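Me: I'd like to learn how to read a structure like this one. Could you walk me through a few features?

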Amino acid sequence: MSVTTIRASSWGSLFDCAYKWEWIHILGHRSPSGPRTQLGTAIHASTAAFDSSRINGSNLSAYDTAEMLVHTLRNPDYEVDWRGSDITLAQAEAIGLKLHTMYCNEVSPRYDFVAVELTTKPLEIDCGGGVIVRLTGQLDRGRICKTSQGLGIGDVKSGGASVVKGVAKTKGHAPQIGTYEILYEHTTGEAITAPAHIIGLKTKGTPETGIGEIRGAKQMMVGTEEFPGLIQIGADMLRTGLFPPNPQSFLCSAKYCPRWSSCPYHE
Ligand code: SF4
């Protein structure tokens, strides 16, 4: 039996270009992250601190938790090279603080959170043919929200194009959300019944927030009688060792793909 661990956050890229995914997640070639990734990490840390304090009753202000943003930006866990970037540390700080404040004042109060940064129990699924898929994922960027339709996932996504015309981009996020839903139910025994919300924080151009909705994400992962789930399709790739390339991916470029120089499938 071979057990392959797949983090919730990596499912989307498996179905973007599986050949690239194999390079990173099976063959272990990771590329260093850039300043914009660090900005995203900092925004997630500070907004999570704000939401956590709402849940535990300490009710820290947007101003108090902004410190977390500045600290995370200035003290990365790994080397961040700002020199070749399109953004300076000071600019990143200014954008991050603006988005953090908008989130705390305008977005967070709309939600009744029951958990932030929840550690989930891994779930092993025997997919047959000697392949076991182990789902993992800390809901470190996700929130569990109580709504009139029951519990639902709220996931903060920051990025240059994460909000378009006031609505958060949801495309490509369903596999991660579906995995969160599966892991939350597995960990707590409580059912997720409300649609998921992607909470977008736009880091390029004028800072902007927006919300987008995702329905049926769990079903996409586990499948139905009519169609196989993405977990099964991913397990088939693991079983056969065939990871299809996708030279039409928007991320198929030297800048975004660490397999570019050795991949024979792009032009
Ligand atoms: S170069 Fe393009 S096709 Fe090849 S692995 Fe990267 S994204 Fe996939």
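Me: Where does the ligand sit?

Reply: Happy to help, and please keep in mind that this is a predicted model. To place a ligand, we ask whether its atoms fall in a cavity or a pocket. Here the ligand sits in the largest cavity.

Me: Which residues surround the ligand?

Reply: The idea is to list residues with a heavy atom within 4 Å of the ligand. In this case the list holds Cys-17, Tyr-19, Lys-20, Pro-245, Asn-246, Pro-247, Cys-252, Cys-257, Trp-260, Cys-263 and His-266. Sorted by class, this shell has eight nonpolar, two polar and one charged residues.

Me: I see cysteines in that list. How many disulfides are found in the whole structure?

Reply: A disulfide calls for two cysteine sulfur atoms within 2.5 Å. Searching the whole structure gives zero disulfides.

Me: Is Cys-17 buried or exposed?

Reply: For this we use relative accessible area, where buried means under 20%. Cys-17 has a value of 11%, so it is buried. Cys-257 is also at 11% relative accessibility, and therefore counts as buried.

Me: How do I read burial for a whole helix, say α2?

Reply: Count its buried residues. Helix α2 covers residues 18–26 and is mostly covered, with seven of its nine residues buried. Those are Ala-18, Tyr-19, Lys-20, Trp-21, Glu-22, Trp-23 and Ile-24. Two of them, Tyr-19 and Lys-20, are also among the residues around the ligand.

Me: What do the buried residues of α2 pack against?

Reply: Their partners are β1, α1 (11–14) and α8 (230–240). For a look at β1, take Thr-4, which lies in this strand of residues 2–7. Thr-4 has 14% relative accessibility, so it counts as buried. Leaving aside residues up to four places away in sequence, Thr-4 touches Ile-26, Ile-132, Val-133, Arg-134 and Leu-238.

Me: Which residues other than glycine have a positive phi, for example?

Reply: Phi is a backbone angle, and its sign is what to check. Asn-59 is one of them, with phi near 45°, and Lys-165 is another, with phi near 50°. A glycine example is Gly-28, just after α2, with a positive phi of about 75°.

Me: Where are Asn-59 and Lys-165 found?

Reply: Look at the elements on either side. Asn-59 is in the loop between α3 (35–56) and α4 (62–74), while Lys-165 is in the loop between β7 (163–164) and β8 (167–168). Exposed means over 50% relative accessible area. Asn-59 has 53%, so it is exposed, and Lys-165 counts as exposed because its relative accessibility is 81%.

Terms used: Residues are numbered from 1 along each chain as its sequence is written. This is a predicted model: local features need pLDDT of at least 70, side-chain atom pairs count only at pLDDT 80 or more; totals for chains, interfaces and linings use all residues. Side-chain values use heavy atoms; hydrogens and water are left out. On a 1 Å grid over the protein atoms alone, a cavity is a set of points where a 1.4 Å probe fits but cannot get out, and a pocket is an open set with protein on both sides within 12 Å along at least five of seven lines; lining residues have an atom within 4 Å of a point. A molecule sits in a cavity or pocket if more than half of its atoms lie within 2 Å of its grid points. Ala, Val, Leu, Ile, Met, Phe, Trp, Tyr, Cys and Pro count as nonpolar, Asp, Glu, Lys and Arg as charged, and the others, Gly among them, as polar. Helices (H or I, at least four residues) and strands (E, at least two) are DSSP runs, numbered from the N terminus. Buried means under 20% relative accessible area, exposed over 50%, partly exposed in between (1.4 Å probe, protein chains only). Contact means heavy atoms within 4.5 Å.
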